[in-house]
Amino acid sequence: MNHPRPKARLSRALGIPLTRKCVRYFERRPYPPGVHGRSRRTTSDYQVRLLEKQRLRHQYNVSEAQLRRLFDEAARGAGKTGETLVALLERRLDAVVLRAGLARSIYQARQLVAHGHITVDGRKVDRPSYRLRPGQVIGVRERSRALPPFQLAAAGAHVDEQPRPYLSAQPGELRATLVREPARHEVPVMCDEQLVVEFYSR
């Protein structure tokens with residue numbers, strides 16, 4: 001999903017850096033964009049919950065309709081709705097591509113999947129929203145391995161400092177396996193998912 005808004009400006013509006021490149025812009029101006037950015041104050045409960053929902057949505061680069069559908073599914077399932085929602089988002093193919101170190105951002109991960117460079121269990125899948133099941137293996141198509149983005153990934157340029165225990169990743173081989181369902185405390189998402197639940201339950 002393409003957001004026309006510049007990522008640095010969007011990061012400042014949400015209060016979190018959305019990409020590694022945005023970190024230095026966000027640190028330089030850690031307040032909302034606009035003339036009144038420094039003087040804005042989030043006051044109402046609605047604003048607080050809306051901001052958390054937007055943070056979660058933009059960290060996974062999903063549309064409002066997609067997030068709403070996933071929330072409804074999480075609400076029907078067992079366990080805590082917020083934690084289930086994050087787990088469902090984390091099992092999206094583009095999210096797993098990012099966590100496996102095959103892309104530098106969720107935006108690049110989505111593009112790589114949509115352009116048909118990624119395989120699941122050896123078969124090409126071009127839907128970023130494809131939901132992986134434990135045991136499934138993602139990889140890069142043979143014809144795509146020589147492309148510069150994957151050469152960088154194979155060299156370990158995008159490897160996360162903290163490995164995700166629910167993933168078995170081999171960046172050098174451009175492949176990864178979803179070992180099990182991700183637990184909320186293992187997912188590097190900056191969001192209070194309970195506020196998202198409250199937003200949709202109002």
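**Reading strands, helices and burial in a predicted model**

A: In this predicted model, strands S4 and S5 pair in the antiparallel sense, and four bridges join them. One bridge sets Leu167 opposite Leu178 in S5.

Q: What lies between the strands in the hairpin of S4 and S5, and which residue there takes a positive phi?

A: Four residues lie between the two strands of this hairpin, and Leu174 has a positive phi near 55°.

Q: Which order do the strands of the sheet follow?

A: The sheet is open and has five strands, in the order S2-S1-S3-S5-S4, with antiparallel pairing. Its edge strands are S2 (123-124) and S4, each of which pairs on one side only.

Q: How many bridges join strand S3 to strand S5?

A: A general idea about strands comes first. In a regular strand, side chains alternate between the two faces of the sheet. In this structure, S3 (residues 137-140) and S5 (residues 175-178) pair in the antiparallel sense over three bridges. Ile138 has Ala176 in S5 as its bridge partner.

Q: How is a pair of packed helices described?

A: Two values serve for packed helices: the angle between their axes and the distance between the axes. Here, helix H1 (residues 7-14) packs with helix H3 (residues 45-59) at an angle of about 145°, and their axes are 10 Å apart. The crossing of H1 past H3 is left-handed.

Q: Which residues of H1 and H3 meet?

A: From H1 come Leu10, Ala13 and Leu14; from H3 come Leu51, Gln54, Arg55 and His58. The residues of this contact comprise four nonpolar, two polar and one charged.

Q: Is Asp94 buried or exposed?

A: The cut-off for buried is under 20% relative accessible area. Asp94 has a relative accessible area of 0%, so Asp94 is buried. Asp94 belongs to helix H6 (residues 93-99).

Q: Which residues does Asp94 touch, leaving out those up to four places away in sequence?

A: With those left out, Asp94 touches Tyr60, Ile106, Ala109, Arg110, Val113 and Pro128.

Q: Where does Val159 lie, and what is its relative accessible area?

A: Val159 is in the loop between helix H8 (148-154) and strand S4 (167-170). Its relative accessible area is 39%. Partly exposed covers values between the 20% and 50% limits, so Val159 is partly exposed.

Q: What separation do the C-alpha atoms of Val159 and Gly101 have?

A: Val159 and Gly101 are 58 residues apart along the chain, and their C-alpha atoms are separated by 4.5 Å.

Notes:
Residues are numbered from 1 along each chain as its sequence is written. This is a predicted model: local features need pLDDT of at least 70, side-chain atom pairs count only at pLDDT 80 or more; totals for chains, interfaces and linings use all residues. Side-chain values use heavy atoms; hydrogens and water are left out. Buried means under 20% relative accessible area, exposed over 50%, partly exposed in between (1.4 Å probe, protein chains only). Axes are lines fitted to C-alpha atoms, for helices over the stretch in contact, and angles run from 0 to 180 degrees between N-to-C directions. A crossing is left-handed if the near helix is turned anticlockwise from the far one by less than a right angle, and right-handed if clockwise. Contact means heavy atoms within 4.5 Å. Ala, Val, Leu, Ile, Met, Phe, Trp, Tyr, Cys and Pro count as nonpolar, Asp, Glu, Lys and Arg as charged, and the others, Gly among them, as polar. Two strands pair if DSSP finds at least two bridges between them.
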